[in-house]
Every structure is written in C-alpha cells, then in structure tokens.
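Got your viewer open? Then come along on a short tour: at each stop you get something to select and a look at what is there.

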Amino acid sequence: MDDMNFLHQSFDGSSVMNFPPIIIVEDDKLLGLSLKKYLEQTLKLNVQLYSSSEDCLMNFAKFHPKENPFCLVTDISLEQGSDGLLLIDILKDKGFEFVSIVMTGFASIETAIAATKKGVFHYLTKPFEIENLKKLVIQALQTKLSTVLPREIVSEGEGVFAAGDRNKATSRLKIDRPTVEDTFEGMIGRSKAMRDVFDRIQKVAKTDSTILIMGPSGTGKELVASAIHKLSSRNLKNRVSVNCGAIPAELLESELFGHMKGAFTGAISNRKGRFELAQNGTIFLDEIGDMPQLLQVKLLRVLQERQIEPVGSSENIDIDVRVIAATHRDLEKAVAEGKFREDLFYRLNVIPIKMPALKERREDIPLLISHFLDRFVSADRSNEISFAPLTMDLLMGYDWPGNVRELENVIERLVILRGGNEILPEDLPAKIFRSNPLATHQYKTLFELPEIGVDLKQILSDIEDSLIMQAMNRTRGNKNQASKLLALNRTTLIEKMKKKNLEL
Ligand SMILES: Nc1ncnc2c1ncn2[C@@H]1O[C@H](COP(=O)(O)OP(=O)(O)OP(=O)(O)O)[C@@H](O)[C@H]1O
C-alpha cells in the first residue's frame with residue numbers, strides 16, 4: 001500500500017489536504033521553501049512555513065489545541081536568538097500534541113540530547129538529504145496515526161506504514177520490552193515499588209489533597225506530578241511548575257504570587273504569579289526543600305487561607321489550586337535540623353508518595369533501557385540496537401546514583417556515540433565499571449593471589465602496559481579513543497606511553 005492510499009483509507013477517503021498540517025520553522029528562506037515544496041509535492045500534505053518562532057506562535061494563537069499539526073519541523077537556532085527547542089516547549093505547554101523533528105547546523109551531542117529530552121522525534125544535522133526528512137515525516141505520520149487509529153489499520157499492509165517493521169526491529173533487541181501493564185502515563189515500571197506508586201497516583205488523582213512527592217533526584221517525581229494532574233478533574237486547566245531551588249530567593253515571592261506595577265525596581269507592569277496562572281488547575285512546587293524560610297511562612301499562609309497577596313498589593317486574591325510539592329531532600333531531617341518549618345511540612349505531607357531509587361528496583365532497568373532506545377529505533381529503522389549480555393549485566397549491576405535520568409543520559413550517549421549496532425562492555429562509560437559487583441567479581445578471579453605472593457609494583461606495571469597496549473590495538477592506534485577505553489585523559493595516556501616507552 002503506498003503512502004497516499006493509506007491516508008485515504010485511514011480518513012474515509014477525505015482529502016489528505018484536510019489532514020492536520022506539517023509546520024516548518026526555518027529562517028533560511030530558500031531552504032524553508034524547498035522543504036515545503038518537496039513535502040507538499042511528494043506527500044501531498046498541507047505544509048505551513050514560518051521564518052521565526054514568533055511568526056509560528058502568532059499563528060498558533062488562533063488555533064485550538066484540538067487542531068493539532070501532526071508534525072513540527074524546526075531549526076534549533078533561529079535568527080535573533082530564538083530557539084526551536086523553546087518553541088516546542090511553549091507549544092506543548094499550550095496543549096498542542098505533535099511529533100517534532102529538529103534541524104541543526106552544528107551536530108553537538110549536547111544539542112542532540114537536549115532535543116531528545118524534549119521528546120523530539122529526531123534531529124537532522126544540516127546539510128541533510130531532503131529524502132531523509134521525508135522519511136522521518138512519514139514515520140512521524142505513522143506514529144501519530146498509531147495513536148488515533150485502531151491497531152489493525154496501522155499494522156495492515158507493507159511498506160512505510162507497516163507496524164510489523166517496527167516490531168521486527170525491536171524484537172531483535174535482546175531486552176525485555178515494556179508491556180501495557182508496565183506503562184502508566186508515560187512512566188515505565190514493573191517492580192512492586194513502582195506498581196505501588198501507580199496505584200497511589202490513581203487513588204489520589206481524583207481528590208484535591210495536597211501531595212508531597214519525595215525521593216532521590218531523577219526518580220520521576222515530575223512525571224508523577226504530571227500524571228496526577230492529567231488524571232484529575234483539573235486536567236483541562238493549567239499545570240504550572242515552579243522550581244523553588246532554581247529561582248533566586250528575592251524573586252521567588254513575586255514569581256509565586258505575582259506583583260503590582262512599581263512594587264520594586266523593575267516591576268514595570270502588574271504581573272500574575274504562578275499560583276494565579278494555575279487557577280483551577282495544579283501547581284507543582286519542585287524542590288520545595290530549598291524554599292527560603294521567609295517564603296515558607298508565606299506559603300503556609302496561602303495553603304491555609306487559599307488566598308494570595310501579590311507583592312505590592314494590599315488585596316488578596318482567592319485561589320483554587322491543587323498543590324503538589326516535591327523534594328529530593330529528607331524533609332523530616334530538615335525539620336529536625338530547623339531548616340524546614342514543621343507546620344508547613346505537615347500541611348504539605350497530607351499524602352506522601354515515595355519514589356524508590358533505581359537501585360532498589362533493578363528489574364525495571366531493562367524495561368527502561370528498551371523504552372529509551374525506542375525513540376531512536378522508531379526514528380531510524382537502521383538502528384536495530386542490541387546489547388551484548390555482559391553489557392546488560394554491567395548496566396544492571398551499577399548503582400545509578402542519578403537514577404532514571406542518569407540511565408536515560410547513558411543510553412542516549414551510547415546510541416549517539418556507538419560504533420556498531422551492538423553495544424559492547426567497552427562502549428560503556430568508565431563509571432559503570434567502578435564499584436560494580438560484576439566488574440569487581442571479575443577482577444577477583446582474574447587476580448587471585450598466588451600462594452607464594454607477588455611483586456605488586458611489577459604486576460601493576462605489567463597490567464598497565466597490557467591494558468594500554470590492548471586499548472591501542474583495539475582502536476588501531478587512535479589515542480583519543482584508547483584514552484576513553486581506559487578512562488584517562490588523552491594527555492595522561494600519551495605521557496604514560498612515553499614514560500613506559502610503549503608504542504604500537
Ligand atoms: N518511570 C519512568 N519511566 C520513564 N521515564 C522516566 C521514569 N522516571 C523518570 N523518567 C525520566 O527520567 C528523567 C527524570 O525524571 P524527573 O524529572 O521526573 O525526575 P525528578 O525526580 O523530578 O528529578 P529531580 O529531583 O532532579 O527534579 C525524565 O527525563 C523522565 O522522563
């Protein structure tokens with residue numbers, strides 16, 4: 001079945017030009033126009049072109065989120081410093097749902113990672129083959145349709161729209177894939193600890209109670225807040241987030257409660273605070289443990305009286321906002337140490353949700369890996385990534401102090417920097433080997449102490465020589481790559497080799 005037939009069938013034969021549009025934001029006029037023309041002609045889809053994020057936003061202001069475009073293709077660094085990733089954020093905040101593809105003139109890992117964090121479908125490094133953009137748009141279309149069409153339609157047929165291809169790709173991963181039961185509002189987890197969290201979210205979502213989410217950094221506290229909001233009756237209103245630890249103390253009050261014109265230098269007009277912006281919705285107070293004491297008092301009053309007082313105003317505003325707070329700190333300890341107000345703690349801790357560290361639920365690691373890999377597999381079919389069994393064991397044995405966020409970053413880097421499509425132990429960052437029981441176990445058997453003892457200095461030096469030479473051989477003499485395998489600076493490796501007279 002070709003692309004066009006598929007679309008006609010899927011939409012009862014209605015014109016594909018009625019299908020939600022593709023939006024392109026590109027400040028290079030010539031490039032923008034050629035992309036638009038090419039996609040219109042080859043896919044017969046409605047393509048709208050904007051030269052800046054401002055233009056695009058102005059146009060979107062006229063739409064209701066239900067009139068989603070299905071795909072946004074944007075340059076990352078647009079003229080006048082505007083930023084494609086920010087544009088994606090703003091539109092998603094407004095409730096638009098679409099698949100995003102970003103184009104970037106410079107391929108930096110950081111940019112790519114920032115892009116995938118925003119749920120970006122794929123990024124293209126300029127210059128790229130226009131054909132590749134078309135392929136990605138078709139895949140984006142497939143993704144979009146799979147969410148609005150019955151499964152049979154999506155998996156029917158062959159060619160670009162056959163869902164079977166994707167299954168083929170993923171079945172080659174030697175990793176357990178998350179099932180529907182392992183997925184809850186975008187969160188993955190099969191462990192008892194995570195199933196308990198999902199249960200609790202479901203129970204509390206329908207209430208208006210204040211929630212306190214506690215747990216180490218990167219365990220998904222923000223995802224929990226978002227799930228509670230989505231499942232609550234407030235979901236048509238805003239969920240507004242404030243990172244209480246990231247905003248300077250002197251600005252936080254006005255950020256939360258708003259200010260009146262002239263309230264302080266720089267207050268050139270009245271400004272609504274985040275509580276007011278969250279009216280009838282939910283406010284997510286992240287890193288509440290870092291809130292300055294003075295504001296803790298004010299927040300307590302707001303929670304008790306359900307009224308806010310903008311800075312410089314003498315009038316109170318009634319608010320109807322559900323409060324969800326989160327912290328990676330041990331708040332009870334902070335209370336005991338006098339760093340956090342006890343009365344506020346009890347006011348917030350109506351319903352606690354405790355997020356488990358990843359090392360306490362290692363069985364979720366393969367599922368999460370598979371979930372993060374999916375972003376890449378679905379965007380590029382040639383990416384059939386698998387893991388050597390030892391690689392997986394090492395990932396399972398590591399303690400993940402940065403929890404799911406750290407795992408997500410490691411997988412993204414592995415995918416972006418990988419040499420082949422099988423990830424081997426030597427592709428892993430050095431930290432995974434440190435204090436890893438599996439790696440330590442190997443060392444133990446490798447270096448069993450002989451009855452007669454050893455010359456430790458000599459042995460250590462021999463081991464060093466051997467590992468350096470192995471790394472140099474494996475990388476065909478590339479000192480840069482060899483130094484990575486050994487977790488050394490390139491210059492340290494060169495110095496060592498000079499000192500030891502080691503050359504290939
Ligand atoms: N169970 C999960 N399934 C899928 N992705 C997850 C899960 N938990 C966390 N993540 C991902 O890990 C990253 C960190 O999650 P999040 O920001 O919610 O953590 P956090 O606990 O709020 O961190 P912090 O305390 O540092 O603010 C995000 O990219 C999120 O999508």
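## Stop 1: a loop to warm up on

Start by selecting S233, which sits in the loop between α10 and β9 (239-243). Before you go further, keep in mind that this is a predicted model. Is S233 buried or exposed? S233 counts as exposed, because it has 12 C-beta neighbours inside 10 Å, and a residue with 12 or fewer is put in that class. Now add D208 to your selection. The two residues are 25 apart along the chain, and their C-alpha atoms are separated by 9.2 Å.

## Stop 2: zoom out

Show the whole protein as a cartoon. You have 22 helices and 16 strands to look at. Of the 504 residues, 32% count as buried. Take the contacts with a separation of 6 or more: residues 24 or more positions apart account for 72% of them.

## Stop 3: the cores

Next, select I213, V224, I283 and I324. These are the residues with the most contacts inside the largest nonpolar core, which has 41 residues. Stay on V224 for a moment. Which residues does V224 contact, leaving aside its neighbours within four places in sequence? They are V197, I201, I213, I353 and M355. Another core, of 32 residues, lies apart from the largest one, and I24, L35, F70 and A140 are among its members.

## Stop 4: around the ligand

Now click on the ligand. How many residues surround the ligand? The count is 17, and the closest are S217, G220, K221, E222 and V404. Colour these elements next: β7 (187-188), α10 (221-231), α16 (365-379) and α18 (403-417) each give two or more residues to the shell around the ligand. If you colour by class instead, the shell shows five nonpolar, seven polar and five charged residues. Both domain 2 (198-355) and domain 3 (393-499) supply at least three residues to the shell.

## Stop 5: from α16 across to E412

One of the elements you just coloured, α16, holds F372. Select F372, which is buried because 20 other C-beta atoms lie within 10 Å. What does F372 touch, not counting residues up to four places away in sequence? Look for E408, I411 and E412. Draw a distance from F372 to E412: these residues are 40 apart along the chain, with their C-alpha atoms separated by 7.6 Å.

## Stop 6: a helix with two sides

Move to helix α4 (residues 84-93) and pick out its buried residues, G84, L85, L87, I88 and L91. Why are they on the same side of α4? They cover an arc of only 155 degrees around the axis, so they end up on the same side. Turn the helix around, and on the face away from the buried side you will find the exposed residues D89 and D93. Following α4 comes G95, with a positive phi near 100 degrees.

## Stop 7: a strand, a loop and some positive phi angles

Select N243 in strand β9. N243 counts as partly exposed, because it has 16 C-beta neighbours inside 10 Å. Leaving out residues up to four places away in sequence, N243 touches D286 and E287. N243 and E287 are 44 residues apart along the chain, yet their C-alpha atoms are separated by 6.0 Å.

Follow that contact over to E287, in the loop between β10 (282-286) and α13 (293-305). E287 counts as partly exposed, because it has 19 C-beta neighbours inside 10 Å. Now check the backbone angle. Most residues other than glycine have a negative phi. E287 is not a glycine, but its phi is positive, about 50 degrees.

Walk on to R306, in the loop between α13 and β11 (307-308). R306 is not a glycine either, and its phi is positive at about 55 degrees. With 13 C-beta neighbours inside 10 Å, R306 counts as partly exposed.

## Last stop: α22

Finish at helix α22 (residues 490-499). How many of its 10 residues are buried? The number is one, so α22 lies largely in the open. Step just past α22 to N501, and you meet a positive phi of about 60 degrees.

How values were computed. Residues are numbered from 1 along each chain as its sequence is written. This is a predicted model: local features need pLDDT of at least 70, side-chain atom pairs count only at pLDDT 80 or more; totals for chains, interfaces and linings use all residues. A nonpolar core is a set of buried Ala, Val, Leu, Ile, Met, Phe, Trp, Tyr and Cys residues joined through C-beta atoms within 7 Å. Two residues are in contact if their C-beta atoms, placed from the backbone, lie within 7 Å. A residue is near a molecule or strand if its C-beta atom, placed from the backbone, lies within 6 Å of it. Helices (H or I, at least four residues) and strands (E, at least two) are DSSP runs, numbered from the N terminus. Ala, Val, Leu, Ile, Met, Phe, Trp, Tyr, Cys and Pro count as nonpolar, Asp, Glu, Lys and Arg as charged, and the others, Gly among them, as polar. Domain bounds come from an automatic or database domain assignment. The arc is that of the directions from the helix axis to the C-beta atoms.
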